[in-house]
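Me: Could you help me read this structure? I would like to understand the words people use for it.
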Amino acid sequence: IWSPRRVQHAWFPRTMKPLVEKRRRARINDSLNHLKELILPLTGRDKSRNSKLEKADILEMTVRFLSDIPPVQNKHSYKEGYHACLQRVSALLPKSGLEPDATRQVTDFIQRSMSALPPGRARSVPRHDSAPMWRPW
């Protein structure tokens, strides 16, 4: 038995599949480009020289970067989390590309915040006035 509903149903998936796939690929590419814009400054790479990175390179750089972040030991303490956050900001500050004056202001804030933590928890945060550390990727 022929019905317009059956014809439409058979036609719909064949025409929609390429459109759905095109949208999915566009979302993946947009997310990878956004990830590249986020990860390049954090890894110390120059955006202008790395404009045509392969997708696998972007993902590998991100995995390496995230693997280098030390895990928080005590997830139940606000002070521990705050301390860990200050340490991470301090480590990423030289790679941020901020102007020296802004970097100095953030470093001073981190120093004051660390000194406000209870004794035994606060460690000094090294100043990052030197050039960022070279990494092979």
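Me: Let me start with one helix: which residues of α3 are the buried ones, and what makes a residue buried?

Reply: The buried residues of α3 are Glu 80, His 83, Ala 84, Leu 86 and Ser 90. Buried means under 20% relative accessible area, exposed means over 50%, and partly exposed is in between (1.4 Å probe, protein chains only). They cover an arc of only 160 degrees around the axis, so they sit on the same side of α3. That arc is taken from the directions that run from the helix axis to the C-beta atoms.

Me: What kind of model is this, and how are its residues numbered?

Reply: This is a predicted model, where local features need pLDDT of at least 70 and side-chain atom pairs count only at pLDDT 80 or more, while totals for chains, interfaces and linings use all residues. Residues are numbered from 1 along each chain as its sequence is written, and side-chain values use heavy atoms, with hydrogens and water left out.

Me: What is the mean pLDDT of the protein chain?

Reply: The mean is 75, and 69% of the residues reach 70 or more. Here pLDDT is the predictor's confidence in each residue, from 0 to 100. Residues 120–131 have a pLDDT below 50, and this stretch has 19 contacts in the model beyond near neighbours in sequence. A contact means heavy atoms within 4.5 Å. Confidence is highest in α2, at a mean of 90, and lowest in α3, at 81.

Me: How many helices and strands does the protein chain have?

Reply: There are four helices and zero strands, and along the sequence the pattern reads α-α-α-α. Helices (H or I, at least four residues) and strands (E, at least two) are DSSP runs, numbered from the N terminus.

Me: How do you know that the span of α4 agrees with what a helix should have?

Reply: The expected span is 1.5 Å times one less than the number of residues. For the 17 residues of α4 (residues 100–116) that gives 24 Å, and the end C-alpha atoms are 24 Å apart, so the two agree. The 14 residues of α2 should span 20 Å, and its ends are 20 Å apart, which agrees too. For α3, with 15 residues, the reach from first C-alpha to last is 21 Å, close to the expected 21 Å.

Me: Which residues of α4 are buried, and why can we say they line one face?

Reply: They are Thr 103, Thr 107, Ile 110, Ser 113 and Met 114. Seen down the axis of α4, these residues fall within an arc of 125 degrees, so they line one face of the helix. The face turned away from them carries the exposed residues Gln 105, Arg 112, Ser 115 and Ala 116.

Me: What covers the buried residues of α4?

Reply: The cover includes α3 (78–92). In turn, the buried residues of α3 pack against α4. Across these two helices, the C-alpha atoms of Cys 85 and Ile 110 are separated by 9.9 Å, though they are 25 residues apart along the chain.

Me: Why is Cys 85 called partly exposed?

Reply: Cys 85, in helix α3, has 42% relative accessibility, so this residue counts as partly exposed. Leu 42, in helix α1, has 23%, so Leu 42 is partly exposed as well. Beyond its neighbours within four places in sequence, Leu 42 is in contact with Phe 65, Leu 92 and Lys 95.

Me: Which residues make up the largest nonpolar core, and what makes a set of residues a core?

Reply: Seven residues do: Leu 32, Ile 39, Leu 40, Leu 53, Ile 58, Met 61 and Phe 65. A nonpolar core is a set of buried Ala, Val, Leu, Ile, Met, Phe, Trp, Tyr and Cys residues joined through side-chain atoms within 4.5 Å. The elements giving two or more residues to this core are α1 (4–43) and α2 (55–68). Outside its neighbours within four places in sequence, Ile 39 is in contact with Met 61, Thr 62 and Phe 65.

Me: Which residues of α2 are buried?

Reply: Ile 58, Met 61, Thr 62 and Phe 65 are. Their arc, seen down the axis of α2, is within 100 degrees, so they line one face of the helix. The face turned away carries the exposed residues Val 63 and Ser 67.
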